[in-house]
Amino acid sequence: MEHAIPDLPILAEDHSMLSRKFGREIANYFSGSPLNRVSFLRTDYGFLRATFAHPSASFLLMDNLSPLAKDIANLSYVTRDVVVPLTGEEPFKESEEDQVKGFNSANTQSVVLFLGIDEKKTGFEYREYKGNPYFAVDVTPKGTIADKAKSIIDIVKANGGSFIDGRRLLTLNAPEAAIYAEARALLDWNSRNPFCGGCGQPTLSINAGWKRVCPTSDLAGVPDGGAAKERADCPTRHGVSNLCFPRTDPTVIMAVVSADGNKILLGRNKRFPPNWYSTLAGFLEPGESIEEAVRRETWEESGVTVGRVVIHSSQPWPYPANLMIGAIGQAAPGGETIHLGHDEELHDAKWFTFDEVREGMTKGISALGDAAPTGYREGALRLPPQTAIANQLIRAVLKGYLDIVSKI
């Protein structure tokens, strides 16, 4: 089924010297959140208690990472009374220290994720910070909270609500796509890390879903009133450990232009529809610069040697938690021969003329699972929609990105 392609985020007008020199900032899909995350307040449990209790708070329910929604373009939120049977009246009543002391790994924890405040809506105020609070709540039925979570799902469905598939959700309006991206990435991270990466013991989610800790003791199996069992020492309890915080995996994605500046290198894998191509991409590795990753991934996937690389823009990608770093590179003279035999990731790669790409951008745009659009010429190039940063990179090249001042 073909769906309408959402508009991209609209950033506020900016008349700074940087904008005058380099042009407007480029905002990609899943960016441009309307929420101020006020990340420094996640450790303030007085703030968290106040936001959770406030009548202006909105709660996004997520079942197996699928959000409650009005339709494929708009999320749906519930009020506090809907989630309290699962979360309890005061999920942020105890301090971080007390939560760690009272940890019981036999009890499944309901993750209540603080997303931020919408400063355009000023029903809530805490110190100098004003804006209605937003949370995401994981209502996936599991463990000791399965019945309570299922009851909430049944209630919202009985009232006409529905959860839309969150595996590759690219139809939400831009502001809510950014909210969903934050919620999905963080709830996914919490669900993937129930055990400590340092010692393998169960972990506890704190700071409204933004940190996991490895407690020093555990009440699991201890009779009421008994002393908690001490746990083995763990490296994550010493110093600052990245094992405790959400991870983002950087990925380079690049539009590679021929040495003469007249063609674009595009590739496809086996799951793509016929004639559907995109820009090349790959993970940034430790000890590697963005530019080096662009050159390495392009050569490994296509055999093409890239010279100069310029960074274009970035896109958060919540599947599960990537940052797509968009770049434009230019093939080195004599380095344009395509060879797919290095890692054999691509099914095909080709150099396309700008005219072929322009036709694809005009008549061949579609989402990965959609049919070719009306007006498409059979056998012509098909390309990803503007919700993908690949589209933005290709568009930048066609608009003369190589002819203007560097964006970095």
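**Figure 1. Burial of residues in the predicted model.** Of the 408 residues of the chain, 50% count as buried in this predicted model. The surface that the chain exposes amounts to about 19,800 Å², and 52% of this area is supplied by carbon and sulfur atoms.

**Figure 2. Secondary structure and overall dimensions of the chain.** Nine helices and 18 strands make up the secondary-structure elements assigned to the chain. The radius of gyration is 24 Å, close to the 22 Å that the globule rule gives for 408 residues, so the chain is as compact as a globular protein of that length. Along the principal axes, the C-alpha atoms fill a box of roughly 75 × 45 × 45 Å.

**Figure 3. Sequence separation of contacts in the chain.** Contacts are considered here between residues at least 6 apart in sequence. Of these contacts, 67% join residues at least 24 apart.

**Figure 4. Charged side chains of the chain.** The chain carries 43 positive and 50 negative side chains. The centre of the positive set and the centre of the negative set lie 2 Å apart.

**Figure 5. Close-up of Thr87 in helix H3.** Helix H3 spans residues 80-87 and includes Thr87. The relative accessible area of Thr87 is 14%, which is under the 20% cut-off, so Thr87 counts as buried.

**Figure 6. Contacts of Thr87 beyond its sequence neighbours.** Neighbours within four places in sequence are left aside in this view of Thr87. The residues in contact with Thr87 are then Phe52, Ser110, Val112 and Val137. Thr87, the residue shared by these contacts, is buried and belongs to helix H3.

Technical notes:
Residues are numbered from 1 along each chain as its sequence is written. This is a predicted model: local features need pLDDT of at least 70, side-chain atom pairs count only at pLDDT 80 or more; totals for chains, interfaces and linings use all residues. Side-chain values use heavy atoms; hydrogens and water are left out. Helices (H or I, at least four residues) and strands (E, at least two) are DSSP runs, numbered from the N terminus. The radius of gyration is taken over C-alpha atoms; the globule rule is 2.2 Å times the number of residues to the power 0.38. Buried means under 20% relative accessible area, exposed over 50%, partly exposed in between (1.4 Å probe, protein chains only). Contact means heavy atoms within 4.5 Å. Accessible areas come from the Shrake-Rupley method with a 1.4 Å probe; for residues, only the protein chains shown count as cover. Lys and Arg count as positive and Asp and Glu as negative; His and the chain ends are not counted. The place of a charge is taken as NZ of Lys, CZ of Arg, CG of Asp or CD of Glu.
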